[in-house]
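Grab your viewer and a notepad: here are a few exercises to work through by hand. Try each task before you read its solution.

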Amino acid sequence: MKRFNTTATALPPSVLGPVGMAWDEVSASFDRFCLAAGIEALGAMMEKDAEEACGARHARGEGRRGHRWGRTRGKIGFHGGKVAVERPRVRGLAGNELALPSWEQAVEEDWLGQWAMNLMLINVSTRKFRRAVRLPMGDVPAPAGAGVSKSAASRHFVALSAARMKEWMTSDLAALDIMVVQIDGIHITEHLVLVAAIGIDSEGVKHPLGLIEGATEHGAVVQALIDDLVERGLDPVVPRLFIIDGSKALAKAIRRSFGRHTAIQRCQIHKARNIMERLPNSLHAAVRRVLRQAWELDDADKAEKLIRNLAQRLERDAPGVSKSILEGLDEILTVSRLGLPAELRRSLACTNIIENVMGTVRQVSRNVKRWQSASMALRWTAAAMLEAKKGFRKLKAYKQLPALRAALVAHYQTASNNYPLAQKAKAA
């Protein structure tokens, strides 16, 4: 049986150049070796850049662009923090500082911001950031100014999350073939609500579309969100299905921007939950069974008749609930009236998609003890929504989405043709 042994003589410094000079560090730790080797390699690259700009030392080259101007110390990112590196300085012939390409590239990468953002998104608090990226008794030190303090981590997160939010909130939506839009709000504080929108395209892929802040889910707040989506390329003429939690302000703003014939589906899960919360426990099983039967029926007229019969039976025991059941009945059965297949109907009859995103927002921001401003809430929520996007899967019934498109087109044509007749009948 052969055995292979790797010894220090297998990697002589003379062969590996700058890396060989750091080989002795591997006996301490591999991280220390990588750091030392990286610094040596970067130093060699910077010396080469300086030589290209100034020529060889003590030589009078005609093509030189500057001259050496001593050395200084700078910092580059490593292991979520910073390490000090000595670098040469080069002055141009006009007296200006010449940048070294290798140094500029080394400090250009925002690894510190990415480290901070990634750790905070997985619920590592800023107070534990130093310990998360550097071992307390490790070989890579973290002295003052290393960029691993709680305030430094917070600054990196703020800068990167703000930049990503701005890029997302200004992205063009015209290229997305959005067929379904879900809109819902999340209460951050007592006086701060964020309203978000998630879209589903014709391939079943889910896209975070937008986010806006407000005091409540007021019509003006929702209208501002919709106006922003339209301005960014969401064509209001294209037939779409909107799914909401039942807020009248949402429905009003949607119809104002996308037309009075817009197909709106109210979340059946929210509706059933609201009904159950107002009923005594003795009625829960029977009412839940009737609602489940109504949701699963292919015939919308039969489903409506079943719900009306349920409301009629509850008039004596719970008159207020009976009235609530009939409220918004047309919008509750929109997916049934469109004649969608059963699997697609189940996927589009509720706001589970955006509710799951809001669950990710709550999980990501659970370490936040005090919301200082609306901009802070927007940054955290946008970062969490983009984090949730990484785990998005296609809509379960995405292969049946062509049936939704055909149903929406037929719905718009029928509603548009019937509207003038309804207006004449109303006038008569």
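**Exercise 1. The largest pocket**

Task: work out how much space lies in the largest pocket of this predicted model, and what lines it.

Solution.
- Start with the volume: the largest pocket holds about 580 Å³ of space.
- Next, go round the wall, where 18 residues form the lining. Nearest the centre of the pocket you'll find Thr126, Ser154, Asn367, Val368 and Met376.
- Now sort the lining by class: seven residues are nonpolar, six are polar and five are charged.
- Finally, see which helices take part. Helix 7 (150-169) and helix 18 (374-389) each put at least two residues into the lining, and helix 7 gives the most, with four.

**Exercise 2. Two small polar side chains**

Task: decide whether threonine 262 is buried or exposed, and find what surrounds it.

Solution.
- Locate it first: threonine 262 sits in the loop between helix 9 (248-258) and strand 8 (263-266).
- Check the accessibility. Threonine 262 has a relative accessible area of 2%, so it counts as buried, the cut-off being under 20%.
- Look for a partner for the side chain: it reaches the backbone oxygen of glycine 259 at 2.7 Å.
- Then list the neighbours, skipping residues up to four places away in sequence: threonine 262 touches Arg240, Phe242, Ile254, Arg255, His411 and Tyr412.

Task: do the same for serine 322: where does it lie, and is it buried or exposed?

Solution.
- Serine 322 belongs to helix 13 (residues 319-326).
- Its relative accessibility is 4%, so serine 322 is buried as well.
- Leaving out residues up to four places away in sequence, serine 322 touches Ala311, Gln312, Leu314 and Glu315.

**Exercise 3. Around strand 3**

Task: find which residues leucine 98 is in contact with, once its neighbours within four places in sequence are set aside.

Solution.
- Leucine 98 lies in strand 3 (residues 97-98).
- With those neighbours set aside, the contacts of leucine 98 are Arg65, Gly66, Val90, Arg91 and Gly92.
- For a distance check, take arginine 68: it is 30 residues from leucine 98 in sequence, and the C-alpha atoms are 9.9 Å apart.
- Step over to glutamate 97, whose side chain meets that of arginine 89 in a salt bridge (3.1 Å, N to O). Glutamate 97 is partly exposed at 36% relative accessible area, and arginine 89 is partly exposed too, at 24%.

**Exercise 4. A salt-bridge network**

Task: the structure holds 15 salt bridges. Which residues are linked in a network of them?

Solution.
- Begin with aspartate 301 and arginine 337, which form a salt bridge with their closest N and O atoms 3.7 Å apart. Aspartate 301 is in helix 12 (residues 300-313) and arginine 337 in helix 15 (residues 334-337), so this pair links distant parts of the chain, 36 residues apart.
- Compare the two ends: aspartate 301 is exposed, at 53%, while arginine 337 is partly exposed, at 38%.
- Add glutamate 304, which also bridges to arginine 337, at 2.6 Å between the closest N and O atoms. Glutamate 304 lies in helix 12 and arginine 337 in helix 15, so the pair ties together parts 33 residues apart in sequence.
- Check glutamate 304 itself: a relative accessible area of 16% makes it buried.
- Put it together: the network links Asp301, Glu304, Arg308, Asp330 and Arg337.

Definitions and conventions:
Residues are numbered from 1 along each chain as its sequence is written. This is a predicted model: local features need pLDDT of at least 70, side-chain atom pairs count only at pLDDT 80 or more; totals for chains, interfaces and linings use all residues. Side-chain values use heavy atoms; hydrogens and water are left out. On a 1 Å grid over the protein atoms alone, a cavity is a set of points where a 1.4 Å probe fits but cannot get out, and a pocket is an open set with protein on both sides within 12 Å along at least five of seven lines; lining residues have an atom within 4 Å of a point. Grid points are joined across faces, edges and corners, and a volume is the space filled by probe spheres set on the points. Ala, Val, Leu, Ile, Met, Phe, Trp, Tyr, Cys and Pro count as nonpolar, Asp, Glu, Lys and Arg as charged, and the others, Gly among them, as polar. Buried means under 20% relative accessible area, exposed over 50%, partly exposed in between (1.4 Å probe, protein chains only). Contact means heavy atoms within 4.5 Å. A polar contact is a pair of N or O atoms within 3.5 Å; within protein, one must be able to donate a hydrogen and the other to accept it, and residues adjacent in sequence count only if both atoms are side-chain atoms. A salt bridge is a side-chain nitrogen of Lys or Arg within 4 Å of a carboxyl oxygen of Asp or Glu.
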